[in-house]
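Trainee: Please take a close look at the salt bridges in this chain. Which residues pair up, and where do they sit?

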Amino acid sequence: MAPDADWPQALRELVGRAFGQCTDAHRGAVSAELKRLIFQAVQDGSLHTRDWTRVRLASLGETRKRSAPDTPTRARRYREDPTRREMRQRRFEAEQAAFEREQQADGASVAVPGAVAGPDPNVVDWDAYTVVGTSTKLEKPYLRLTSAPDPKTVRPLATLRRTLALLTEKWASERNYDYMCDQLKSVRQDLTVQRIANEFTVRVYEMHARLALDMGDLGEYNQCQSQLRVLYAYDLPGSRLEFLAYRILYLLHTRQQRDVHTLMAELGDEAKADVAVRHALDVRAAMRCGNYHRFFELYAHAPNRNACLMRHFVDRERVQALSILARSCRPACALAFLVSELGWSSEEEARAFLAKHGVACYVGAAWDTKRAEAPLAAALASYRHVDLQGPR
């Protein structure tokens with residue numbers, strides 16, 4: 001972030017005017033919007049060329065163009081709905097807080113001079129340690145920072161682009177996930193300490209998240225998707241809807257129903273029309289009404305990497321379905337019916353699953369539902385704990 005002294009006069013006047021007009025209740029939203037605008041200007045090189053006198057802040061209810069003010073009806077609706085404004089403010093502040101926590105954890109944070117009363121002497125001022133890398137080394141192991149980064153060990157953006165191209169080639173030929181994970185975390189760290197947040201940053205996090213999904217590494221995926229949510233909030237180009245669908249499915253896996261409801265209430269028409277998001281919402285609907293036939297159809301025909309996330313809770317749903325069948329289909333259920341309804345590819349695969357969960361009870365060629373009911377209760381109990389990391 002450029003220091004205050006390096007800002008053009010018009011920008012300094014914008015900041016002063018913004019904080020002079022805002023109330024305490026909206027100070028956080030104004031600060032967040034200013035950070036985003038200045039951060040983007042530093043990244044795209046427009047800090048000293050942009051006409052800051054024409055910038056209007058949405059957090060202050062200002063229009064973006066002087067010549068096209070809001071109609072009275074629209075302006076009145078915006079000012080007479082404090083609940084909507086409060087919800088919007090809280091949502092943006094929550095996103096900003098998540099961004100700042102992650103940046104601080106990686107050894108960097110973004111700050112706007114004048115947005116707070118003064119620096120906290122108990123908090124490290126990472127802005128003082130922002131560097132511009134000079135390293136030309138393409139491969140570098142990830143090491144957590146314990147002190148200010150050395151510019152000689154940090155790779156600039158041009159080098160990082162060559163690194164990503166090399167990693168893409170290596171993954172295609174070697175498929176070594178441990179190596180890729182280590183190298184991509186190192187790339188992410190170099191981006192963070194240099195305050196680089198652009199379309200390349202999004203590409204790095206998206207690539208790492210997809211690899212993590214392919215390999216069942218939910219822990220690393222979750223770190224990437226948390227940062228991607230922040231980057232998308234800055235309107236940086238990327239696969240926003242693809243990862244929105246993943247987020248819905250991840251919340252279904254972790255049984256965070258309240259967060260799912262909140263997310264659904266915020267979905268716009270574009271998101272609802274997207275194939276991957278629509279698929280994730282259909283999965284939720286099938287789970288809520290216990291339509292397991294539909295659930296496993298969706299699992300078999302999932303777009304993008306939706307099935308990679310569903311894979312983490314599909315066994316849980318199978319056990320739940322078996323529990324329902326054990327109570328409703330007495331005294332036995334044809335094994336062929338189980339295969340067709342619960343998404344197995346063969347009777348052998350179904351038998352292996354039943355044996356794994358201690359419910360391989362048969363009457364001839366049929367599944368003995370009466371004998372399986374009691375052990376199914378124990379199998380269900382084993383899924384009460386949600387694995388947030390995933391098998392590796």
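Mentor: The salt bridges follow, after a short frame. This is a predicted model, so local features need pLDDT of at least 70 and side-chain atom pairs count only at pLDDT 80 or more, while totals for chains, interfaces and linings use all residues. Residues are numbered from 1 along each chain as its sequence is written, and side-chain values use heavy atoms, with hydrogens and water left out.

First, the frame. The chain has 18 helices and three strands; these are DSSP runs numbered from the N terminus, with helices as H or I of at least four residues and strands as E of at least two. Of the 392 residues, 44% are buried. Buried means under 20% relative accessible area, exposed means over 50%, and partly exposed lies in between (1.4 Å probe, protein chains only). Take contacts, meaning heavy atoms within 4.5 Å. Among those between residues at least 6 apart in sequence, 65% join residues at least 24 apart.

Now the salt bridges. The criterion is a side-chain nitrogen of Lys or Arg within 4 Å of a carboxyl oxygen of Asp or Glu. By this rule there are 17 salt bridges.

Start with Lys 140 and Asp 190. Their closest N and O atoms are 2.8 Å apart. Lys 140 lies in the loop between helix H4 (82-105) and helix H5 (157-174), and Asp 190 lies in helix H6 (residues 177-193), so the pair ties together parts that are 50 residues apart in sequence. Both Lys 140 and Asp 190 are buried.

Helix H6 also holds Arg 188. Arg 188 forms a salt bridge with Glu 220, with 3.0 Å between the closest N and O atoms. Glu 220 sits in helix H8 (residues 218-233), so this pair ties together parts that are 32 residues apart in sequence. Glu 220 and Arg 188 are buried.

Next come Arg 305 and Asp 214. Their side chains meet in a salt bridge at 2.8 Å, N to O. Arg 305 lies in the loop between helix H13 (292-300) and helix H14 (306-310), and Asp 214 lies in helix H7 (residues 199-214), so the pair ties together parts that are 91 residues apart in sequence. Here the burial class is partly exposed: Arg 305 has a relative accessible area of 24%, and Asp 214 is at 32%.

Last, a network. Arg 278, Asp 282, Arg 294 and Glu 297 are joined into one network by salt bridges that share partners.
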